[in-house]
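Got the model open on your screen? Let's walk through it together, from how sure the predictor is to the sheets, the empty spaces and a few odd spots in the backbone.

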Amino acid sequence: MEEIIDGYEVILVQNHTWTSGEWVELELMGIQPLRQVNFNSLLVWTPVNLIIPQKYFQEESPKAIWKNGIENQLPINGEAAVVVLEANLPINILNKINNNLINLQLTDSKLNNNIMKIPISFAINIEWPVHSNSDNANELLNKILEWPGVLWVEEEISANSRNSVAASIIQNNQMTQHPLWQLGLNGENIILSIADTGVDRDHSCFRNSSGDEGLPSGQNATGTPGAEHRKILLLNETIDEWDTIGETDGRHGTHTAGSLGCYVVHDQLTNQSEENMENINSISYASKLIIQDLVNSNGWVEPPMDGLLWEMAVNGGVIHSDSWGDATTAYTQRSSNLDAWVKENPWSIIFVAPGNNGGQLMEPANARSVVAVGATNNDNGTSMYSISSHGPTEEGVRGIFIVAPGVNILSAKADSEHTSNNNGTRTSSGTSMSTPTAAATAGIIQQMVEQGWISTTNSQFTTYPIEYLGGGVGLSEGFTPSNSLIRSLLALSADPLLGGEYRGVSYSEEPNQMKGWGRPNLSNLVNSENLIQSIAINNYSIPANDIWIHDSFQLIDNDWVEHLTNRVNESGGSGGPLNKLVNAPWDGNDSVGPFLSTGQNVSWVLERSSIEDDLEVRLSWNAKPSPLPVDDLQLIVKFPNGSFVIGDKYRDGESEIYVDDSYIDLISQNNETTLGVRVSAEILGLAEWVQIEVRARNITIGGSPNSVGMNGDKVGFAIAAKGIRTNRIDSDGDNIPDMDDVCLQTQFNQSVDENGCADYEKDSDEDGVTDDLDLCEGWNDSIDRDEDGIIDGCDDDYDTDGDGIYNNVDLCQNTPLNDSINEVGCYPNYPLWVAWKFNSPIVHYQDNILLIRFLVVDYDEPENESMVWVNITSKGSTIFLCNDECNVDIVLLWNIFDYNSEKNNRNYSISLEWVEYDIDGYQINSGKENSKEMNIEYNWIITKQDEIISERNINGVWFSILLISIVFGAAIAQIWRGAKKDEVWNMDAALYPFFEEE
């Protein structure tokens, strides 16, 4: 058998976080990075003959592991398994591992010749030999686990399914009312997708007509799925057709599809009112469905998940429901691929049933960025389904994201007949039932965002009529929400089920591994009762005016389908759509952003909706697959009094209050990808605003710097906050909220600046004339010496100071008479002489050269209006200075003195003479001093510009350098004024950056 001798795996460790630049640097050395183990450690593949630089500390790579099902069994002869390989492995190593498996008679499949290195794990399907015994199978397993490049080997387990519609409970936590339906929030124009055992297409939930009316020849009531079908947009029956009783989990798909999007045909054709509709209609009954049949007579036949998800995406679907999975709690290759998919396609969210074993949730519900849905009783209480699976996952995170009704759920019943036009129903229980209900709930949230029911700050609103109320609502311009925003809004909508408990874990306001964030209640987002009352009274209302959202992935043109399609079409990669997306990195261009890399942050100062409202904030992002680290984002909310809270740090159900910023960096990461904050109105008190900040402490890296996908080093996110005013108060109607408006009483229809002030309210040049009347900005309008009606400052044909230079050229228009001037009308030298006496320390200097550096601070003048000239007089001195072009208030100057090392205690005789001028060149003060006391500290360093070294030979001369810090008093600060100047004395190379002390 061919051995893998081309290289080996090793972990490189350094004392700081790895960067994408360092990743690329390793590649240039011939070392291939595979993945981060943590933010300071990088697993790499290195050729055997390449020496790794000593600056990296090396550790042994982790050993591959066997991931079995819940039966805890070792490989069984004749059974299938999957060998999962590290991401980014060199192609020759992938081929060698595959050839070894062929030689061991574990597979007969060769790799595609067009395969490319990609930053996602690679899987090879194998089968243990039938002719061998268990010991041989275990021996083969151990051999494979020893191979470098193998990440894990997992058992391939046959998938299995996981078990009136709870629309009322989800809408407003009531048992019989559907107020959101009355407002038109019913899934209209939303596409929902489900993969299951197929669907009974002629059932009343899905068929195209009632079946009782006369149909044209050649047509039937079922209809042909497609854009014109009333319910089924796309039906993928390439594996099997229909939902057949007798096949594995038969009838399961029809029931779950009914919970996802049932709309009884009679109700639709007769335009039945919502409250009179059949009780099996889905909460998103007006949605269209994409249905993918995964079961035939041989059982579950699962194609690659990225193919199913791509089929959904290119047809405009964002939400996918999966009530099935393998009987293992391990993080599998399918879990990994789901995380990789949503990392590359942020407009995709996957709802997964975690299982009904009463224990730890099963794959792929343990993926990091999916929504695992636990099951509650079918009422508005707090009880859980007795065998609903729960968290934490094997990675130690909550696992369960939300819960939804899943007990005795009444939905569509399949009868296997193709032309029966049946209306049958049946009840079923389990997380298979709660999952499509939760996915349908997300469909309403997607509709809320796309139609503008929930909006960003200060959106423009258009009236949308609610005819039966005789009024309308103000809707903003919507957009398609990302996975992250839907998760944030789901978490924000959830009732925490206070007082409930499951398996000994009691429920409080904070999320936990049993109920996640709780059960969605969409009235927490759009309060239908208050909205209906407001419309009835005022004929108009803005919904969700207390909810603010931000989505990094919001595209400017909102055409996310074209965006994904272009990436796939332009990709040079081979294989499925996931591989193609990975090989076409995206930098976040054409979206609102931001996308953060390590050390970056962004914040918003937002107005509270009312001092009576609590504050709830949710932050979500998509993580790269395990075993890569989870991006370390922090959610921080600050208050006017300086206190703050940190995401997911709770005490007794409320966010813990901090006052010391040092705690922010001390808080350890918890690896969750949705963080929350809850602060009561009582704690917030009279605070009018909060600052919401997102900090990126550590972000995973890859080989495509500045991109946001699997191989990138930036991360996008979404925030949803309740208790924040969306339509902010603007008393004078100038589109600048009062909170940011300096001029609160601007007249109507006036153009304003960013501070909310119109020209008639401003005097920008402080000449006593408002901007709307100012004839010469930046000049006193009362000065018109030639009385030609043109203010001198704007008069090109006038010489204000009589120096022979017209104003359109003269930079110094108040030069004293008879002063020397240069070509722009300025006196060339208005020096401000400054000097100090000092005693040299008792030290020896090489070559009789003493270098003194002065830190000169000019705090009392704005930039570009004054300057400091310093001349240090002494034998052999060299003058360096800085004029107003420096544009800074801190200037570094230095001077070289001749020094006789034999006279260590020599005092320098230095005098101080200074002259102060106003900005127009008039002398206003002068003085002379022979000595000035000051505090002096010194340290020895040797430097050349900003490079600290121990010694330096410049032009054959060894320089020793003394650093002197000078502390100015208030009296000295008063002389730091000077005149504008157009020339610069010989600066040579003297203006160096500030040096750090050694």
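This is a predicted model, so start with confidence, or pLDDT, which is the predictor's confidence in each residue, from 0 to 100. The protein chain has a mean pLDDT of 80, and 79% of its residues reach 70 or more. One stretch to treat with care is residues 829-998, where the pLDDT is below 50. Beyond near neighbours in sequence, that stretch still has 327 contacts in the model.

**Two sheets and a hairpin**

Let's begin with the sheet of four strands. In what order do the four strands of this open sheet stand? The order is E2-E3-E1-E4, and the pairing is antiparallel. At the edges you'll find E2 (32-38) and E4 (57-60), each pairing on one side only. Neighbouring strands here are turned by 35° against each other on average, direction ignored. Helix H1 (residues 20-29) packs on this sheet and touches E1, E2 and E3; the direction of H1 makes about 145° with that of E2.

Zoom in on one pair from that sheet: E1 (residues 7-13) and E3 (residues 41-47) pair in the antiparallel sense over seven bridges. One partnership to look for is Gly 7, whose bridge partner in E3 is Pro 47. As you follow a strand, keep a rule of thumb in mind: in a regular strand the side chains alternate between the two faces of the sheet.

Now for the sheet of seven strands. It is open as well, with parallel pairing, and its order is E11-E12-E10-E15-E17-E18-E19. Why is one side of E11 (232-236) and of E19 (400-405) left without a neighbour in the sheet? These two strands stand at the edges and each has a single partner strand, so there is nothing in the sheet on the other side. From one strand to the next, the twist averages 25°.

Within this sheet, E17 (residues 349-352) and E18 (residues 371-376) run parallel and are joined by two bridges. Phe 351 stands opposite Val 371 in E18. Helix H8 lies across E10 (191-196), E11, E12 (288-293), E15 (319-322) and E17, and runs at about 140° to E15.

There's a neat hairpin to find too. E22 (residues 462-466) and E23 (residues 471-475) run antiparallel and are joined by five bridges, with Tyr 464 opposite Val 473 in E23. Four residues sit between E22 and E23, and Gly 470 in the turn has a positive phi of about 70°.

**Empty spaces**

How do you find gaps in a protein? Rolling a probe the size of a water molecule over the atoms shows where empty space is left. Here are three such spaces side by side.

| Space | Volume | Lining residues by class |
|---|---|---|
| Largest pocket | about 1,200 Å³ | 17 nonpolar, 14 polar, nine charged |
| Largest cavity | about 220 Å³ | eight nonpolar, six polar, five charged |
| Second largest cavity | about 160 Å³ | 11 nonpolar, seven polar, three charged |

The largest pocket is lined by 40 residues, and the closest to its centre are Ala 123, Asn 125, Pro 304, Gln 333 and Asn 337. Which element gives the most to the lining of the largest pocket? That's H9, with five residues. Among the elements that each supply at least two residues of this lining are E6 (80-85), E7 (122-127) and H14 (577-582). H8 (305-314), the helix that lies across the strands E10, E11, E12, E15 and E17, is on that list as well.

The largest cavity has 19 lining residues; Arg 368, Val 397, Gly 399, Glu 672 and Thr 673 lie nearest its centre. The second largest cavity is lined by 21 residues, with Arg 35, Ala 87, Pro 119, Leu 628 and Met 710 nearest its centre. E2 gives the most to the lining of the second largest cavity, with three residues.

**Backbone oddities**

Most residues other than glycine have a negative phi, and most peptide bonds are trans. Now look for the exceptions. Gly 593 and Pro 594 are joined by a cis peptide bond, with omega about -5°, and Pro 594 lies in the loop between H14 and E30 (601-607). The peptide bond from Ser 626 to Pro 627 is cis too, with omega near 10°; Pro 627 is found in the loop between E31 (615-620) and E32 (632-638). Finally, Asn 421 is not a glycine, yet it has a positive phi of about 50°. You'll find Asn 421 in the loop between E20 (409-412) and E21 (425-428).

Definitions and conventions: Residues numbered from 1 in each chain as written. Heavy atoms only, no water. Contact = heavy atoms within 4.5 Å. Pairing = 2+ DSSP bridges. Axes fitted to C-alpha atoms, helices over the stretch in contact; angles between N-to-C directions. 1 Å grid on protein atoms, 1.4 Å probe; cavity = no way out; pocket = protein on both sides within 12 Å on 5 of 7 lines; lining within 4 Å. Points joined across faces, edges and corners; volume = space filled by probe spheres on them. Nonpolar A, V, L, I, M, F, W, Y, C, P; charged D, E, K, R; others polar.
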